[in-house]
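Here's a walk through one protein model, with the sheets, a couple of helices and the ligand site in turn. Have a look at the structure first, then read on.

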Amino acid sequence: MPLPVEHPHATARALALDIAARLQSALAARGEALLRVSGGRSPVALFEQLRAQPLDWVRVSVQLVDERQLPDGHAERNETLLRAHLLQGPAAAARLLPLDAAHPAHAALTADVTVLGMGEDGHTASLFPDAPGVAEALRPEATPGLVALTPTQAPHPRVSLNLAALLNSRHTVLSIAGPAKWAVYQRALQGARTGSDTTLPISLVLHHATEPVAVWHAD
Ligand SMILES: O=C(O)[C@H](O)[C@@H](O)[C@H](O)[C@H](O)COP(=O)(O)O
């Protein structure tokens with residue numbers, strides 16, 4: 001397991017600049033780029049910094065790592081958040097790849113950058129430790145794909161990329177804020193050193209990543 005690279009006292013602007021530089025390199029190398037992002041509440045500031053970056057957005061695809069199973073346009077859908085805060089201004093030209101069973105190939109793509117969030121229960125994307133069926137979704141050797149999961153402690157049934165799909169990324173960012181999430185990350189890192197901690201799904205990302213995960217921690 002490569003040790004994570006930690007960025008303490010992180011700002012949304014510094015993370016946006018780092019991500020934009022990586023997308024720019026991908027565009028230069030391959031002519032297109034895939035950015036995977038999380039939903040939840042935390043990424044709004046990042047999205048607003050990122051959308052203003054001078055990239056050739058028309059060649060950038062964006063995909064969520066998870067979605068709440070709610071009607072289109074619902075305020076609690078991650079896509080609604082993404083459209084309101086990232087796919088605006090220059091970034092409105094980016095292509096949003098749907099995250100649904102009708103497009104299984106999208107879940108198997110290699111991302112250039114994946115931005116993960118984390119809950120205080122150690123979940124990432126919608127891989128909640130208490131969700132029935134999560135063990136299969138957390139098998140690193142599973143075929144990269146989409147899973148349907150229903151957490152018991154969080155609202156809404158979800159669809160999520162499985163661990164194998166999340167790991168399919170040239171660069172992985174874990175973006176967290178506040179002391180409580182920092183403490184959970186520290187526990188997950190401890191577990192990642194042994195590889196046995198399936199109670200904190202983020203620990204498995206840290207353990208199985210083949211490149212160092214970049215941990216951006218805002219105070
Ligand atoms: O749909 C979701 O809920 C997310 O993708 C999820 O994995 C999120 O990143 C964490 O729950 C952190 O969420 P907050 O940013 O709201 O704390």
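## What "buried" means here

A residue counts as buried if 20 or more other C-beta atoms lie within 10 Å of its own. Keep in mind that this is a predicted model.

## A well-covered helix

Take helix H7, residues 201-208: seven of its eight residues are buried. By name they are Pro201, Ile202, Ser203, Leu204, Val205, Leu206 and His207. What does the covering of those buried residues include? Strand E6 (113-116), helix H5 (163-166), strand E9 (172-177) and helix H6 (179-194) are part of it.

## The seven-stranded sheet

If you trace the parallel sheet, you'll find seven strands in the order E1-E10-E9-E6-E2-E3-E5, and the sheet is open. Strand E1 (5-7) and strand E5 (95-96) sit at the edges with a single partner strand each, so one side of each has no neighbour in the sheet.

Now for some of the pairings. E9 pairs with strand E10 (residues 214-218) through five parallel bridges, and serine 175 has tryptophan 216 of E10 as its bridge partner. E9 also pairs with E6, again in the parallel sense, over three bridges; there, threonine 114 is matched with threonine 172 in E9. E9 itself is mostly covered, with five of its six residues buried.

Further along, strand E2 (residues 33-37) is joined to E3 by five bridges, and the two run parallel. One of the matched pairs is valine 37 with leucine 64 in E3. Two bridges then link E3 to E5, also parallel, with serine 61 partnered by arginine 95 of E5. Why is E3 (residues 60-64) largely enclosed by the rest of the structure? Because four of its five residues are buried.

## The three-stranded sheet

There's also an open sheet of three strands, ordered E4-E8-E7, and here the pairing is antiparallel. Strand E4 (66-68) and strand E7 (146-149) are at the edges, each with a single partner strand, so each has one side without a neighbour in the sheet. From one strand to the next, the twist averages 15°.

E7 is held to strand E8 (residues 158-161) by four bridges, with the two running antiparallel. Within that pairing, leucine 146 has leucine 161 of E8 as its bridge partner.

## Helix H6 and an exposed alanine

Helix H6 lies across E9 and E10, running at about 135° to E9. Alanine 180 is found in this helix. Is alanine 180 buried or exposed? Alanine 180 counts as exposed, because it has 10 C-beta neighbours inside 10 Å, and the cut-off for exposed is 12 or fewer. If you'd like a distance to go with that, alanine 180 and serine 126 are 19 Å apart from C-alpha to C-alpha, with their positions 54 residues apart in sequence.

## Around the ligand

Which residues come nearest to the ligand? Of the 15 around it, they are Gly39, Gly40, Arg41, Ser42 and Gly117. By type, the shell splits into 10 polar residues, three nonpolar and two charged.

## What the record says

An unreviewed UniProt entry annotates residues 8-209 as "domain: Glucosamine/galactosamine-6-phosphate isomerase". Over that stretch, residues 8-209, the chain is 33% helix and 16% strand, and the C-alpha atoms at its ends are 20 Å apart.

Note on methods:
Residues numbered from 1 in each chain as written. Predicted model: local features only at pLDDT ≥ 70, side-chain atom pairs only at ≥ 80, totals over all residues. Near = placed C-beta within 6 Å. Nonpolar A, V, L, I, M, F, W, Y, C, P; charged D, E, K, R; others polar. Pairing = 2+ DSSP bridges. Axes fitted to C-alpha atoms, helices over the stretch in contact; angles between N-to-C directions. UniProt positions renumbered as here; feature names shortened; annotations may be inferred. Contact = placed C-beta atoms within 7 Å.
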